[in-house]
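Grab a pencil and work through these exercises with the model open beside you. Try each task before you read its solution.

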Amino acid sequence: MRVLITKNYEEMSKKAADVVAELVNRMPKCVLGLATGSTPEGLYRELVRRHREEGLDFSMTTTFNLDEYYGLDVNHPQSYRYFMDTNLFNGINIEKKNTFVPDGKVPVKDIDMFCKEYEQKIKKAGGIDIQVLGIGGDGHIAFNEPGSSLTSRTRLVALTEQTIKDNSRFFKSDKEVPRYALSMGVGTILEAKELLVLATGEKKAEVVAKAIEGPITSSITASAIQMHPKVTVIIDEGAASRLSMAVFYRFAAEAEAKIGLKLF
Ligand code: GLP
């Protein structure tokens with residue numbers, strides 16, 4: 001696992017944009033797995049800037065988002081579709097028909113079918129080349145809450161009290177936060193060819209340490225990234241502040257620069 005520690009949020013976002021832009025330039029038809037939340041906002045801002053100022057071209061790119069609140073319409077300002085449109089898709093030259101976010105309004109009876117089809121679409125597109133991931137306060141990736149099987153697939157999930165509380169900052173009150181979501185499973189995420197994990201701030205330090213250095217456990221679904229052979233973690237100093245191997249990660253990052261190879 002590559003663990004890159006940056007001075008601050010801005011540098012984290014720029015380094016993450018370097019990884020994504022390198023892929024998009026090298027493989028214009030690539031498939032990006034995207035995440036929502038505050039963490040990747042800076043990455044998306046930087047990608048929009050590079051598109052506008054440097055011509056970074058997304059015209060042949062396809063994207064799949066990790067998750068969506070169940071019950072929210074695409075036009076709801078807190079829906080993840082709305083988030084992606086406003087934070088990224090409207091600012092770059094991607095074809096909207098090539099952007100996929102689970103549909104939060106799919107009727108209950110059709111959920112299973114919808115989730116199977118979402119996975120099939122990912123496969124048909126050739127699989128996800130890089131999956132961007134944030135980490136929730138309770139250690140989740142996507143909406144895979146503690147206890148989610150590490151082989152789970154796209155499905156309807158219930159949200160924990162902590163997630164509802166954490167995410168209530170975007171809504172008028174706790175009561176308005178949906179209680180369910182459609183989420184890619186941990187197993188789905190691990191099938192991506194590469195993972196790009198981001199975290200910022202001291203608030204995330206403990207959960208980041210558990211995810212990277214703790215035991216692999218469904219209690220912290222982010223710890224499943226340890227089972228993936230190609231993971232880049234980019235975190236700022238705050239989020240890295242509880243890591244016990246930080247000195248080694250910095251050494252490996254310097255070595256990478258000297259050798260000119262990525263040390264996974
Ligand atoms: C939500 C999303 C996750 C995201 C998490 C962290 O719960 N489903 O994909 O990683 O929030 O959010 P933030 O980046 O705002 O801390």
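**Exercise 1.** Find which elements cover the buried residues of helix H7 (205–213).

*Solution.* Start with the residues themselves: Ala205, Val207, Val208, Ala209, Ala211 and Ile212 of H7 are buried. Buried here means under 20% relative accessible area, with exposed over 50% and partly exposed in between (1.4 Å probe, protein chains only). Next, look at what lies over them: the cover includes strands S1 (2–6), S9 (195–199) and S10, plus helices H8 (237–240) and H9 (246–259). Contact means heavy atoms within 4.5 Å. The element names are DSSP runs numbered from the N terminus: helices are H or I with at least four residues, strands E with at least two.

A word on the ground rules: this is a predicted model, where local features need pLDDT of at least 70 and side-chain atom pairs count only at pLDDT 80 or more, while totals for chains, interfaces and linings use all residues. Residues are numbered from 1 along each chain as its sequence is written, and side-chain values use heavy atoms, with hydrogens and water left out.

**Exercise 2.** Stay with strand S1 and work out what surrounds Thr6.

*Solution.* First, place the residue: Thr6 sits in strand S1. Then check its exposure: with a relative accessible area of 1%, Thr6 is buried. Now list its contacts, skipping neighbours within four places in sequence: Glu11, Met12, Lys15, Ile234, Ile235, Asp236 and Glu237. Finally, follow the side chain of Thr6, which reaches the backbone oxygen of Asn8 at 3.0 Å. That is a polar contact, meaning a pair of N or O atoms within 3.5 Å; within protein, one must be able to donate a hydrogen and the other to accept it, and residues adjacent in sequence count only if both atoms are side-chain atoms.

**Exercise 3.** Is Thr221 buried or exposed, and which residues does Thr221 touch?

*Solution.* Go to the loop between helix H7 and strand S10 (231–236), where Thr221 is found. Thr221 counts as buried because its relative accessible area is 1%. Beyond neighbours within four places in sequence, Thr221 contacts Gly139, His140, Ile141, Asn144, Glu145, Ser148 and Val186. Zoom in on Ile141: its backbone nitrogen lies 3.2 Å from a polar atom of the Thr221 side chain. Looking back towards H7, Lys210 is eleven residues away from Thr221 in sequence and 9.9 Å away in space, C-alpha to C-alpha.

**Exercise 4.** Describe the lining of the second largest pocket.

*Solution.* Begin with the volume, about 180 Å³. On a 1 Å grid over the protein atoms alone, a pocket is an open set of points with protein on both sides within 12 Å along at least five of seven lines, and lining residues have an atom within 4 Å of a point. Grid points are joined across faces, edges and corners, and the volume is the space filled by probe spheres set on the points. Next, find the main contributor: helix H1 (residues 9–26) gives the largest share of the lining, four residues. Then sort by class: four are nonpolar, none polar and seven charged. Ala, Val, Leu, Ile, Met, Phe, Trp, Tyr, Cys and Pro count as nonpolar, Asp, Glu, Lys and Arg as charged, and the others, Gly among them, as polar. Among the lining residues are Arg26, Asp129, Lys193 and Lys262.

Definitions and conventions
On a 1 Å grid over the protein atoms alone, a cavity is a set of points where a 1.4 Å probe fits but cannot get out, and a pocket is an open set with protein on both sides within 12 Å along at least five of seven lines; lining residues have an atom within 4 Å of a point.
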